[in-house]
Amino acid sequence: MKEQKVTLELAVEHGLTEAEFEEIKSILGRVPNYTELGIFSVMWSEHCSYKSSIAELKKLPKEGKRILSGAGEENAGLVDIGDGIAVAFKIESHNHPSAIEPYQGAATGVGGIMRDIFTMGARPIASLNSLRFGPLDSAKNRYLLDGVVRGIGDYGNCMGVPTVAGEIYFDPHYEGNPLINAMTVGIVKHNNTASAIAKGEGNSVMLLGSSTGRDGIHGATFASVELSEESEEKRPAVQVGDPFTEKLLLEAVLELTKQNLLIGMQDMGAAGIICSSAEMAEKGGVGMEIDLSKVPLREEGMIPYEILLSESQERMLLVVRKGKDREVLNIAEKWELNCVKIGKVIIGTELKFKMDGNESATVPAESLVLGGGAPVYHRESRQPEYLEKLREFDVRDIEVPSDIEATFLRLLTSTNIASKRWVYRQYDSTVQSNTVLGPGKADAAVIRIKEAPNKAIAIKTDGNGRYTYINPRKGGMIAVAESARNVVCTGARPIAITNCLNFGNPEDPEVFWTFKEAVAGIGEACLVFDTPVTGGNVSFYNENPEGAIFPTPVIGMLGLIEDLAHIRQSGFVDEGDFIILLGSLGGCIGGSEYLNLIHGRVEGDIPNIDLDYEKLVQETVLEGIRSGIIKSAHDISDGGIAIALAECCIAGRNNLGANIVINRKIRDDELLFGETQSAIIVTVAESDLIRIEEVSGKFEIPCETIGKVSGDSLSINSYFDIPVSELRTKYESALPELLERRLR
Amino acid sequence: MKIGVVVFPGSNCELDTQHVLQNLLGQEVKMLWHQQRDLDGSDVIILPGGFSYGDYLRTGAIARFSPIMESVIEFAAKGKPVLGICNGFQILMECGLLPGALVTNGSLKFISDDVIVKVEAGNSIYTSKYDHSQLLKMPIAHIGGSFFADDDTLAEIESDDRVAFRYCDAEGNANSESNPNASIGNIAGIYNKKGNVLGLMPHPERASESVLGSTDGLGLFESLILSN
C-alpha cells in the first residue's frame, strides 16, 4: 500500500461525504494527510460512530437500580446481581464478514464480543447467538450455515466458554446477507472491574497480544456499506481468528486486572489501534504519543495507515499504572504473549502517531469518537408503502387445510421450528460446569453462579424479523416481551437487556422509519418490564441486490434466579400433571410461521401485545414457580399452541404425552397454529390446581386447564394423536436430513 | 490428600476440576504450571481438558513437550495415579503413557452431548465407588475423541481388562448406535498396564452435582481419594 495525495475524491472513495471532508479540514485547520484521512474515514464510519442511530438510541431507557455501568459507558453493560458480583454482557453483529467468509467471520465475531467482556475484567461464562440465513434449499446457504456454526463452535469451544442458547431462522429476505449476532456474558467481582480509560501523564501505553498484520483493514468501513457483487473482493477486509491466543489473552488480562496493574484497557476490534487509543484518551481527557515502529508486525513494509487501521484480532491496548511496567511484562511473558510499550499518556487531548522518527498523524482524540466530534445524523424517515398493502390481508382468502395432522407435522419439521440440535451439538455447552439448563432444555439457558451461591442467571436471545417487517413498533415490543417471557419460564426475573439492531440502509427513509419504530417499541417494552438497555450494537446496510433484510432487532435478555430451587424446564415432568394455559389464546395467523410456510404469505398484522397484561402473565408464572406450584413452563410462540405442546412433550421426560381438549369459536388453523403473545403453558400437580387458580386470580389472568400429562402420545381434540417418540424423531431428524445429505 | 492439576496454555477445565475436588470433596488442590518440573508434593496428578496449545498440529502433540510432562512420566512410573480427562487423555497418549490414538470423530464434527458409559474393568484406584457394569451419565465435548488402536494393541487392552469405560445405551448395550464418535470397541477410557494411569474422554467433573443433571462422575474422584 502506498500513501496517496488527499483530495475530496479520495475522501469520497473512503466513504466520507463532502461535508464530512470539509468538517475534517476545519477540525485540523488543514487538509488531512493520507493516514489522517484513513483515521477519520474509519472512526466516522457508521460502524464506529453510530452516526445514524445514536439520536434514536439515546431515547432508550438506560437507568435501573442494578445498573453499574450503563450503555455507552464501557465496552459492555454491567449489572449487579448481589453478593458483590456483577454480570457484564453484550451482543454484537458480524454480518458482513460472515457473508463472504462464514467461518472466520463468525469466529472473529465471537472473539470480538468475548474481548468486550474480559476487557472489563469479567470472566466470560456463557455465549449465545442469533443467526439468520436464506433458505436451506440453496447450497450457498448450507455452506454459510456450516461455516458459521463451525466458526462459532471452534472459537467458543477453544476458549472454554460454553455456548448455551440461541436462535436460528431461515428466510429468503436474508439471502446473501446472513445475520450473525454473538452475545457473551461474563461475571466479575465489583472491585475487580476494569475500565477503558487512559490517565496519568507519562504512564506507559502497551500493546498486548497478537502481532499486527494487514488483515481487516477497513473492516469497519466495509461493514458500513451494502454488500455487492464486488464484496467478494473485500475478503481481505475479513479478520482471521486465533482462539488459542485469545484464551491466553483472557487469562493474562484477568491476571493483570486482579493484581491491579492497569489504569485501563481497551480491546481492539473495529478500527484497531486508532479506535482503542482514541476512545481511551477521550474518556480520560488526555492525549497519547505512540510510536508505530514499536508495534510488532506480521508483515513487512506496512505503512502507518495500515498499522493504525488493521483489525488483526486478539490484541489489547493497556495503560499501565506507574511503576508497574515490569510486572505487566512478566505476566505477558508467562502467557507467551507479545507485550510492547508503544507510547505514553501525555497532557493535552491530541493523539500523536509517529513512525521511524517521522510524524505520521496528529488528531484530537475527541474529534474522532461518538459523543465527541463524530457526526450525528437525524435521518429522514417515511412509513414504507408496503405496510398498507400487508394490512389488506383477509383471513377468508386462506383456506383451512384439509389435513390438519399433515400440516402440523410440516410445521414441526420446518427449518424454522425443527430441533436445532445439529447446530448446538457442535457447541460445548457444559464447560465451566455451570450449565443447569443448556440448549433444548428450557425456554432460556440457565447458568448457575458459583461465586454467588444458590443464584443462577437465565439468558436468551430473541428477535422475529418477519414480525418487525410487518409491524416495526409492535415487533420491537414483542422481541423484548418474548425474551422476558422466555427467562420467566425458567424461573428468572428479567433484569436487563442488550440489543443488536440489524437493519438495511439508514439513508433509505423507509428503512430508517422501521428502525425508529422498532427502537421505540423496544424502549416502551423495556420500561414496562423494568429491563434497562445496557448497550449493544447497530448493524446497518444489511441489504442484498433484492433489497433490505427483514428489519431484525435481536434482544439479549438477562434474568436472575435467586434460588436454585426455582429453576424450571419447558418439558413435561410427571404423568398425571395438569396442563394449564395461563393468559389468552389469540389465534392470530397474520405474520405467523404457519401462514408463511403453509400458504407462502407474509401478510396481515402480527399478534397484539398489551405490555401491561404481558407483565401480569409473567408475574403469575414467576409467583407460581416460586411458590413451588408450577412444575414446567413453556411459552406459545412460532407455530402456535400445537407446536408449543409438541415441544413440551419432546423436551419432557420419558416420552410423556398429553391429552388436550381446547375449544374456541375460531377456525381450526387459527386455534392450532395461530400465534399469540402473553400465553404460557404450565403444568401443576393435581393437588395444586386450586393454588394455581389463586395465583392467577390475584393477577386477574385467565387460567384454563386444557389437559393432562398422560400416556406416550400427544392428542389434541380429535385432530390427531401422535406418539411422542415419533414426534421427537421427526423433530430431531429434520435438519440433519437436510444438511447431512446435501451439505455442499 | 494433595492433588496436582496441570495447567497448560489453553487448558480450560482446570477450574471445573478444582471446584469438584476442593469445594465439593474438600481436598487440597495445587495448580501446576506446565513450565515447572516440581509436582509440589502431589499425591495424584490430573491433566484437565481443554485445548492445550490450541490443539494446533494435533491434539496434545505440543503439550507433551512441556517441562512438567517429564516429571509426570516419572511420577506415573512410580505407580502413582495420573488421570487425563479429554484433552488430558490425548496428552497421555501423545507422551506414551497410554496406548492407541484419539482421532477425529466419525462425524468429523465437534460433539457436545450427554453420553452413557459403562464401568468395565474394576480398578482399585478409580472405580471402587462404582458397581461393576454401572452405567454413568456424563457429558462429552470434543472433536478428536474417537479411540483407535491397531489390532494387536486393541487385543492386548481387551485381554488385560484395561478398558475403563465403554459408550453404551441406557440398557448398557455397547453398539454402533450408542457410539457417539466411532471409537473402536466403543472405548471411552482406558488404563495403562499397571492400572495407575487412566484416560477418558467424558467429563466426570461436569457430572458431579445434581444441579447440573448428574452426579455420576463424582464416584471417580471419590474412589481416587479413597485409594490414597
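**Warm-up: how much surface does chain B expose, and what share of it do carbon and sulfur atoms supply?**

Chain B exposes about 8200 Å², and carbon and sulfur atoms supply 48% of it. Accessible areas here come from the Shrake-Rupley method with a 1.4 Å probe, and for residues only the protein chains shown count as cover.

A word on the ground rules. This is a predicted model, where local features need pLDDT of at least 70, side-chain atom pairs count only at pLDDT 80 or more, and totals for chains, interfaces and linings use all residues. Residues are numbered from 1 along each chain as its sequence is written, chains are lettered from A and ligands numbered from 1 in the order in which they are written, and side-chain values use heavy atoms, with hydrogens and water left out.

**Exercise 1. Work out whether the radius of gyration of chain B agrees with that of a compact globule.**

Step 1: get the expected value. For 228 residues, a compact globule would come out near 17 Å; the rule is 2.2 Å times the number of residues to the power 0.38, and the radius is taken over C-alpha atoms.

Step 2: compare. Chain B has 16 Å, which agrees.

Step 3: add the outline. The C-alpha trace of chain B spans about 45 × 35 × 30 Å along its principal axes.

Step 4: look inside. Chain B holds 5 helices and 11 strands; helices (H or I, at least four residues) and strands (E, at least two) are DSSP runs, numbered from the N terminus. Buried residues make up 62% of the chain B total of 228, where buried means under 20% relative accessible area, exposed over 50%, and partly exposed in between (1.4 Å probe, protein chains only).

**Exercise 2. Do the same for chain A.**

Step 1: with 744 residues, a compact globule would have a radius of gyration near 27 Å, and the 26 Å of chain A agrees.

Step 2: the C-alpha atoms of chain A fill a box of roughly 85 × 55 × 45 Å, taken along the principal axes.

Step 3: chain A has 25 helices and 28 strands, and 66% of its 744 residues count as buried.

Step 4: check the long-range contacts. Among chain A contacts with a separation of 6 or more, 85% are between residues 24 or more positions apart; contact means heavy atoms within 4.5 Å.

**Exercise 3. Find what covers the buried residues of helix 1 of chain B.**

Step 1: list the buried residues. In helix 1 (residues 14-24), they include B:Glu14, B:Asp16, B:Thr17 and B:His19.

Step 2: name the cover. It includes strand 15 of chain A, along with strand 1 (2-7), strand 2 (28-33), strand 3 (44-47) and helix 5 (218-226) of chain B.

Step 3: zoom in on one residue. B:His19 has a relative accessible area of 9%, so it is buried. Not counting residues up to four places away in sequence, B:His19 touches A:Arg448, A:Lys450, B:Leu24 and B:Glu209.

Step 4: see what comes next. Helix 1 of chain B is followed by B:Gly26, with a positive phi near 65°.

**Exercise 4. Place A:Ser713 and decide whether it is buried or exposed.**

Step 1: A:Ser713 sits in strand 27 (residues 713-716) of chain A.

Step 2: its relative accessibility is 19%, so A:Ser713 counts as buried.

Step 3: the side chains of A:Ser713 and A:Asp721 are joined by a polar contact of 2.6 Å. That term covers a pair of N or O atoms within 3.5 Å; within protein, one must be able to donate a hydrogen and the other to accept it, and residues adjacent in sequence count only if both atoms are side-chain atoms.

Step 4: leaving aside neighbours within four places in sequence, the contacts of A:Ser713 include A:Gly657, A:Ala658 and A:Val724.

**Exercise 5. Describe two residues that have positive phi without being glycine.**

Step 1: A:Glu336 has phi near 55°. It lies in the loop between helix 13 (325-334) and strand 11 (339-346) of chain A, and with a relative accessible area of 43% A:Glu336 is partly exposed.

Step 2: B:Tyr53 has phi of about 50°. B:Tyr53 lies in the loop between strand 3 and helix 2 (67-77) of chain B, and at 13% relative accessibility it counts as buried.
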